[in-house]
Each structure stands twice: as C-alpha cells, then as structure tokens.
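Subject: Structure handover

Hello,

Here is the structure for your files. Please open it first, then read the notes below.

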Amino acid sequence: GGDVTWDPPTDVSQVKHYVLYLAYAVDGVTPLEVNASNVSRIYEATYAVGTNLGSFPADTALDDWKYVLVYTKSRLFEQSTPAGIEISD
C-alpha cells in the first residue's frame with residue numbers, strides 16, 4: 001500500500017476524473033504470460049480533478065502487478081495512453 005501522486009495535465013478543462021489502476025505493463029494493455037486470465041490491468045480508484053493524490057490500502061496484494069497507471073477521464077472517454085510508474089515496494 002501507499003500513496004500515489006501525479007502532475008495534472010496543463011489543460012484540465014475536459015478532464016472530469018483521474019482513474020488509477022494496477023497493471024502488468026506500463027502501457028496498460030500488454031498482458032504478460034503470467035496473467036492466465038489475460039487481464040492487463042485492474043481498476044483501483046477514481047479521483048476528482050483537483051485531487052492529485054491517491055492511495056492504495058496497506059494490505060493491497062501486488063501479486064504480479066508491476067505498475068501504477070493514472071488515466072485522465074472526460075465525460076465521455078478514458079484516455080488511451082496513461083501516465084505510469086513502476087511500483088517500488
């Protein structure tokens with residue numbers, strides 16, 4: 001568990017939320033062979049614009065998740081390319 005911070009985009013006029021995921025790959029879409037269910041990421045939490053701090057509970061199991069990803073989400077769409085960082089535990 002722990003905190004995750006991110007820098008907001010320069011223009012947040014279309015951003016409604018930030019969505020955090022745990023993922024196998026920094027692009028959020030490439031599943032690894034260890035992932036038998038072929039799931040590349042798991043949803044963790046949604047945060048409102050103006051909030052640039054998220055957190056994972058202390059008992060969050062990392063299993064084989066290697067990255068934390070932050071996506072922006074507009075009223076209609078979630079961005080296709082996230083910001084990501086490798087987990088350091």
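Two strands count as paired if DSSP finds at least two bridges between them. Strands themselves are DSSP runs of E with at least two residues, helices are runs of H or I with at least four residues, and both are numbered from the N terminus.

Some ground rules. This is a predicted model, so local features need pLDDT of at least 70, side-chain atom pairs count only at pLDDT 80 or more, and totals for chains, interfaces and linings use all residues. Residues are numbered from 1 along each chain as its sequence is written, and side-chain values use heavy atoms, with hydrogens and water left out.

**Overall layout**

The chain has zero helices and six strands. In sequence order the pattern reads β-β-β-β-β-β. Of its 89 residues, 28% are buried. Buried means under 20% relative accessible area, exposed means over 50%, and partly exposed lies in between (1.4 Å probe, protein chains only). The accessible surface is about 5,800 Å², and carbon and sulfur atoms hold 50% of that. Areas come from the Shrake-Rupley method with a 1.4 Å probe; for residues, only the protein chains shown count as cover.

A contact means heavy atoms within 4.5 Å. Among contacts in the chain with a separation of 6 or more, 64% join residues 24 or more positions apart.

**Strand pairing**

Start with strand 2, residues 17–23. Six of its seven residues are buried, so this strand is mostly covered. Strand 2 runs antiparallel to strand 3 (residues 41–48), with seven bridges joining them. There, alanine 23 faces arginine 41. Strand 2 is also antiparallel to strand 5, again through seven bridges. In that pair, tyrosine 21 stands opposite leucine 69.

Strand 1 (residues 2–5) pairs with strand 4 in the antiparallel sense, over four bridges. Valine 4 sits opposite glycine 54 of strand 4.

In a regular strand the side chains alternate between the two faces of the sheet. Strand 4 (residues 53–56) shows such an alternation. Gly54 and Phe56 point to one face and are buried; Leu53 and Ser55 point to the other and are not.

**Tyrosine 71**

Tyrosine 71 lies in strand 5. It is buried, with a relative accessible area of 2%. Its contacts, leaving aside neighbours within four places in sequence, include His17, Tyr18, Val19, Tyr21, Arg41 and Pro82. Alanine 83 is twelve residues from tyrosine 71 along the chain, with 6.5 Å between the C-alpha atoms.

**Loop residues**

Two residues to check lie in the loop between strand 5 and strand 6: arginine 75 and threonine 81.

- Arginine 75 is exposed, at 69% relative accessible area. Beyond neighbours within four places in sequence, it is in contact with Gln14 and Lys16. Arginine 75 and glutamine 14 are 61 residues apart along the chain, but 7.6 Å apart by C-alpha.
- Threonine 81 is exposed too, at 56%. From C-alpha to C-alpha, threonine 81 and valine 26 are 9.4 Å apart, with their positions 55 residues apart in sequence.

Lysine 66 is in the loop between strand 4 and strand 5. It is partly exposed, with a relative accessible area of 39%. Leaving aside neighbours within four places in sequence, lysine 66 is in contact with Ala23, Tyr24, Ile85, Glu86 and Ile87. Its C-alpha is 8.1 Å from that of valine 26, 40 residues away along the chain.

**The largest pocket**

Rolling a probe the size of a water molecule over the atoms shows where empty space is left. On a 1 Å grid over the protein atoms alone, a cavity is a set of points where a 1.4 Å probe fits but cannot get out; a pocket is an open set with protein on both sides within 12 Å along at least five of seven lines; lining residues have an atom within 4 Å of a point.

The largest pocket holds about 490 Å³ of space. Its lining has 28 residues, and Asp3, Val4, Phe56, Val68 and Ile85 lie nearest the centre. Strand 1, strand 2, strand 5 (67–73) and strand 6 (83–86) each supply at least two lining residues.

Best wishes

Key: Grid points are joined across faces, edges and corners, and a volume is the space filled by probe spheres set on the points.
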